[in-house]
Amino acid sequence: MPRTEPIRAVRGVRDILPRDRSLWRAAERAAAEVATRFGYQEIVTPIIERVELIERVGEDTDAIAKELYRFEDRGGRQLALRPEATAGIVRAYFEGGLNQGPQPARLYLFGPMFRYDRPQKGRYRQFYQFDIEAIGSASPALDAEVIEIARGWLNESGIPELKLELNSIGDGVCRPAYLDRLRDYYRPLEEKLHPDCQRRLETNPLRLLDCKVPQCQPFKAGAPRITDHLCEPCSQAWTQVRRLVESAGIEYVHNPYLVRGLDYYTRTVFEFYPAGASGQQDALASGGRYDGLAETEGWPSTPGVGFAGGFDRVVEVMAASGVEVVAAPAAEVAVLADAGLDHEAANIARICRAVRSVAVDYEAKSLAAKMRSAAKLGARWVVLLSADEAARRTARLRDMASGEQVEVAWDELPERLSR
Ligand code: HAM
């Protein structure tokens with residue numbers, strides 16, 4: 001038989017091992033707590049969606065054009081692994097009749113997203129988002145609300161120092177005229193831009209503003225700023241969002257080049273970075289308003305605003321900033337029985353589980369080796385069982401910290417372990 005290599009994980013995806021889960025769980029718990037405190041309810045949507053739903057959201061978007069995991073299922077349907085959650089949540093809002101309930105629908109979601117991006121630290125092909133959406137209201141107060149939720153979540157996850165960047169990118173009324181100005185400004189410079197930006201000049205000129213390639217940087221400063229060219233309603237909303245964010249005590253910087261990578265945004269866009277991060281660093285949470293998205297999906301025009309935070313990145317920053325979470329022991333009680341007593345050991349474990357987490361060591365190894373494993377599990381007690389004791393329906397209960405050991409009847413174990 002030819003020797004084969006062991007089968008390893010797919011490139012760009014990774015396992016989250018039990019030793020790392022406690023930090024993740026802390027970030028998830030903070031997310032659910034903050035969302036609940038603001039009146040948001042959990043929603044779960046499928047990981048697979050029709051490819052049209054995703055593509056309509058932005059064909060000029062990298063996350064969609066180049067990075068989409070798409071496939072045909074056995075019935076010949078064109079499907080995609082969701083690269084983000086907003087498109088699916090808006091679909092579910094209508095399909096599930098949430099548009100008939102109190103508005104806005106305030107929703108949150110946890111789950112994996114998929115993008116065929118170049119893998120690197122903080123950038124994975126399967127990554128996990130905390131997504132917040134308020135659908136069915138155009139009030140700028142909700143833009144400020146979701147920003148406050150993002151900040152609350154990051155703070156409660158143990159990341160106190162943050163940088164918030166904020167911008168408005170107008171709407172269908174004022175943006176087209178602004179894009180013409182932007183093209184007029186960039187056209188004479190076309191030859192000096194890198195090839196992707198030359199292409200974007202005609203297809204998606206807004207993206208010229210967040211290009212990170214050095215050769216395109218010198219031209220940004222002279223480019224017209226969209227916040228100087230907003231229509232009256234967008235301009236009022238922009239003023240109000242900033243006022244509300246300020247009155248929530250949240251510091252921000254106006255970044256006129258912040259345009260975001262997805263095509264569905266209107267008006268407010270924002271990104272949170274760890275404080276001290278340069279502009280090149282990846283955002284921890286980002287979002288904005290998307291008043292045209294529902295209509296793009298074929299539903300009645302409905303405004304919405306939200307953000308998504310990346311758990312992978314947040315947990316990396318938590319670990320780097322020394323956030324420590326006391327990990328619960330794998331089992332509080334370990335049951336170690338002599339050979340041939342598996343059945344009795346399982347019975348004892350069942351009795352003890354009424355009050356504690358319990359793991360039985362069924363391996364054929366020495367008592368000393370079993371004691372070492374129990375210590376590694378973090379067990380506070382071990383229950384030792386010999387054939388004689390089993391016959392009397394007793395066992396030895398040992399306190400791992402003090403080394404104290406007493407013989408206890410099986411039925412008395414729960415009471416002893418509750419002390
Ligand atoms: P996004 O900026 O594409 O927005 O992603 C949101 C967050 O997901 C990012 O700030 C980052 O923390 C995380 N993230 C994105 N790509 C990766 C990756 N490859 N690896 C690890 N983390 C990643 C959205 O997805 C919008 N749906 C947000 C939104 C909700 N806008 C309105 N509502």
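This passage walks through the domains, the aromatic pairs and a handful of individual residues in a predicted model.

Starting with the overall layout, the domain assignment splits the protein chain into domain 1 (18–174 + 230–320) and domain 2 (333–417). Taken over C-alpha atoms, the centres of domain 1 and domain 2 are 49 Å apart.

Aromatic rings come next. A pair of aromatic rings is described by the distance of the centres and the angle of the planes. The structure has 18 aromatic pairs. One of them brings F110 and F311 together edge-to-face, with 5.4 Å from centre to centre and 80° between the planes. F110 belongs to strand β5 (residues 105–114) and F311 to helix α10 (residues 311–320), so this pair ties together parts that sit 201 residues apart in sequence. As for burial, F110 is partly exposed at a relative accessible area of 25%, while F311 is buried at 2%. Another edge-to-face pair is made by Y185 and Y186, with their ring centres 5.0 Å apart and their planes at 85°. Here Y185 is partly exposed, because its relative accessibility of 25% is not under the 20% that counts as buried. Y186, on the other hand, comes out as buried, with a relative accessible area of 1%.

F110 and F311 also turn up in a wider group: together with W24, Y108, Y128, F130, W153, F270, F272 and F307, they form one aromatic cluster. Some rings have a lysine for company as well. K163 lies over the face of Y273, 5.7 Å from the ring centre. Likewise, K220 places its charged end over the ring of Y257, at 5.5 Å from the centre.

Turning to single residues, T86 is found in helix α4 (residues 86–95). T86 is buried, with a relative accessibility of 5%. Its side chain makes a polar contact of 3.2 Å with the side chain of Y264. Y264 is also among the contacts of T86 once neighbours within four places in sequence are set aside, along with D131, E133, Y290 and L293.

S137 sits in the loop between β6 (126–135) and α5 (140–156). Although in a loop, S137 is buried, because its relative accessible area of 15% falls under the 20% cut-off. The S137 side chain reaches the backbone nitrogen of S139 at 3.1 Å. Beyond its neighbours within four places in sequence, S137 is in contact with P104, L142, R289, P303 and G304.

A248 is another loop residue, placed between α8 (232–247) and β8 (253–254). With a relative accessible area of 24%, A248 is partly exposed. Leaving out residues up to four places away in sequence, A248 touches E148 and R151. The C-alpha atom of A248 is 9.7 Å from that of I147, a residue 101 places away along the chain.

Finally, helix α7 (residues 195–203) has C197, R200 and L201 as buried residues. Looking down the axis of α7, the buried residues fall within an arc of 115°, so they line one face of the helix.

Terms used
Residues are numbered from 1 along each chain as its sequence is written. This is a predicted model: local features need pLDDT of at least 70, side-chain atom pairs count only at pLDDT 80 or more; totals for chains, interfaces and linings use all residues. Side-chain values use heavy atoms; hydrogens and water are left out. Rings of Phe, Tyr and Trp (its six-membered ring) pair if their centres lie within 6.5 Å; planes under 30 degrees apart count as stacked, over 60 as edge-to-face and the rest as tilted. Helices (H or I, at least four residues) and strands (E, at least two) are DSSP runs, numbered from the N terminus. Buried means under 20% relative accessible area, exposed over 50%, partly exposed in between (1.4 Å probe, protein chains only). A charge sits over a ring if NZ of Lys or CZ of Arg is within 6 Å of the ring centre and within 35 degrees of the ring normal. A polar contact is a pair of N or O atoms within 3.5 Å; within protein, one must be able to donate a hydrogen and the other to accept it, and residues adjacent in sequence count only if both atoms are side-chain atoms. Contact means heavy atoms within 4.5 Å. The arc is that of the directions from the helix axis to the C-beta atoms. Domain bounds come from an automatic or database domain assignment.
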